[in-house]
Every structure is written in structure tokens, then in C-alpha cells.
Amino acid sequence: MFKKQDLNLIKEITLSEFKLKYKSSVLGFFWSLLKPLAMLTTLYIVFRIFIKVDSENYSLFLLLGIILWNFFSESTVLGLNSIVSKSDIVKKLNFRSEVLVISACLVSLLSFTLNFIMFLIFFLFIKGLPSLSNILIIIPILQLFLLSLGLSFILATVFVKFRDLGYLWEVLLQIGFWISPIAYPPSIVPVKYMGLYILNPLSRIITSSREIILNNQLPTFTITILSTMIIILILFLGYFIFRLNHKRFVEYL
């Protein structure tokens with residue numbers, strides 16, 4: 001269990017890292033808003049105009065997928081680097097090093113919150129006021145955070161010893177972007193590949209998010225519970241691997 005001092009440390013590191021992230025830039029945190037808008041413009045032109053993906057409210061469909069993916073991508077990259085980038089602290093101070101991984105994911109969650117506010121502004125202009133059921137979007141967002149945190153524990157642990165993982169993870173993220181339903185609906189995936197497709201937990205999270213906020217469809221209880229259990233299993237596995245190896249971090253830093 002985390003003590004009060006650990007929770008305070010997580011809070012302080014998260015806020016400090018979030019402020020530091022945009023400290024030297026002129027536009028500050030607005031850069032975190034411009035990135036998904038740039039991706040939105042590019043992918044909209046390619047998939048809506050050239051490939052002609054047929055999806056209602058495609059701009060909202062695409063923007064939601066982008067900000068969810070950016071959250072996952074950024075949080076796992078920051079999580080992967082969280083121990084190595086703070087090696088001086090890990091070597092000198094006696095504290096629970098998982099604080100750094102959690103803080104890294106929380107920094108990404110703050111950036112995601114800003115992006116999601118931007119999405120809601122677009123939503124108001126295009127679809128009007130959201131319905132009460134849209135509040136359930138918190139479920140897939142929480143699932144995504146826990147999934148990112150679980151993977152970050154694993155990535156941070158392995159990266160301490162094997163630095164090549166940083167390059168490998170960049171490649172896997174590029175592949176993951178295109179095998180996840182970010183720019184296209186799952187309906188265009190060939191049936192023969194659907195079995196493999198649904199193994200990607202991000203597919204379910206992104207699809208569920210769109211169903212809730214764009215179509216006012218309540219998430220299926222059984223599928224939600226099952227996917228949440230799998231994600232929690234990944235989280236516990238990641239944390240177990242991290243705790244099993246954290247005492248040896250100093251040897252490789």
C-alpha cells in the first residue's frame with residue numbers, strides 16, 4: 001500500500017513534470033492541443049476524401065480516436081523512460097521507484113484532459129449538448145489509464161537493462177496505430193482477421209468510447225467486466241514484474 005508521503009510525492013512530481021514539459025515553449029500546453037488537430041487534418045483528408053471512409057460525424061470519430069491513442073502512446077513512452085531519465089534520483093534517494101512510473105502516466109493523463117476538453121468543444125458545435133449517458137466515457141478512459149500503467153511498469157523494468165527497447169517500442173507504436181481503429185471503423189476489417197483484431201485491447205477501448213459518446217450506446221456489461229479484468233491482470237502482472245526487479249535498477253543505471 002502507498003503511504004501518504006508516497007501519494008504526496010506522486011502529486012508533486014506529476015505537477016512539476018507537467019509544468020516542465022511546456023516551460024521553454026512559447027505556446028506552452030497549447031502544443032498538446034495542436035498535435036491532435038494536425039493529425040486530425042491529415043488523416044481526415046486521407047481517409048475521408050481519398051479513401052472515402054463512410055462514418056457519421058467522422059471528424060469527431062477521428063479526433064476521439066487520435067486523443068485516446070496519443071494518451072496511450074505518450075504515457076507508455078514516458079513510463080518506459082521514467083526510471084532511466086531519473087537515474088540520479090533513483091540512485092541517491094530511498095523511495096518507492098514506482099512513484100516515477102505512476103507520475104509519468106499521470107502527466108499524460110493531464111495532457112489528455114486538455115485534449116478531451118478540446119474534443120468536447122468540438123462536440124458541442126457539431127452535435128450539441130451531450131447526454132447524461134455520455135458520462136460513462138470515464139469507464140474506457142479508466143481502462144486505458146490502467147492498461148497504460150500496467151504496460152509502463154513492464155516497459156520501465158525492461159528498459160533499465162535493455163535500452164534497445166526504446167527503439168523497438170517506437171516501431172510497435174507505429175504498427176499499433178494502424179492496427180487499431182483510430183482512422184477507420186472496425187467494420188472495414190476483413191472477417192478472417194477479426195479474431196486477431198479483437199485481441200488488441202485498444203480496439204475495444206476506442207470502439208467502446210465512440211459508442212458511448214457518439215452513439216449514446218451503453219457499454220455491454222459482460223464485455224466491460226471481462227475487458228476490465230484482463231486489464232487489471234495486465235496491471236498486476238506489470239507491477240509484480242516491476243517490484244521483482246526494482247532493487248536491481250541501480251546496477252544498470
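A cavity, on a 1 Å grid over the protein atoms alone, is a set of points where a 1.4 Å probe fits but cannot get out. A pocket is an open set with protein on both sides within 12 Å along at least five of seven lines, and lining residues have an atom within 4 Å of a point. Grid points are joined across faces, edges and corners; a volume is the space filled by probe spheres set on the points.

This is a predicted model, where local features need pLDDT of at least 70, side-chain atom pairs count only at pLDDT 80 or more, and totals for chains, interfaces and linings use all residues. Residues are numbered from 1 along each chain as its sequence is written, and side-chain values use heavy atoms, with hydrogens and water left out.

**Stop 1: the cavity**

The structure holds one cavity of 30 Å³ or more. The largest cavity has a volume of about 80 Å³. Select I139, Q143, R204, S208, P219, T220, I223, T224 and S227 to show its lining. Helix 6 (138-161), helix 9 and helix 10 each supply at least two of these residues. Helix 10 gives the largest share, three residues. Helices here are DSSP runs (H or I, at least four residues), numbered from the N terminus. By class, the lining of the largest cavity has three nonpolar, five polar and one charged residue. Ala, Val, Leu, Ile, Met, Phe, Trp, Tyr, Cys and Pro count as nonpolar, Asp, Glu, Lys and Arg as charged, and the others, Gly among them, as polar.

**Stop 2: the largest pocket**

Now select I198, N200, P201, R204 and S227. They lie nearest the centre of the largest pocket, which is lined by 17 residues. Helix 8 (191-197), helix 9 (201-215) and helix 10 (221-245) each give two or more residues to that lining. The space in this pocket is about 380 Å³. Its lining divides into 11 nonpolar, five polar and one charged residue.

**Stop 3: L173**

Go to helix 7 (residues 165-179) and pick L173. L173 is buried (under 20% relative accessible area, 1.4 Å probe, protein chains only; exposed is over 50%, partly exposed in between), because its relative accessible area is 9%. Measure from L173 to T220: the two are 47 residues apart in sequence and 28 Å apart in space, C-alpha to C-alpha.

**Stop 4: F125**

Last, select F125 in helix 5 (residues 98-127). Is F125 buried or exposed? F125 is exposed, with a relative accessible area of 72%.
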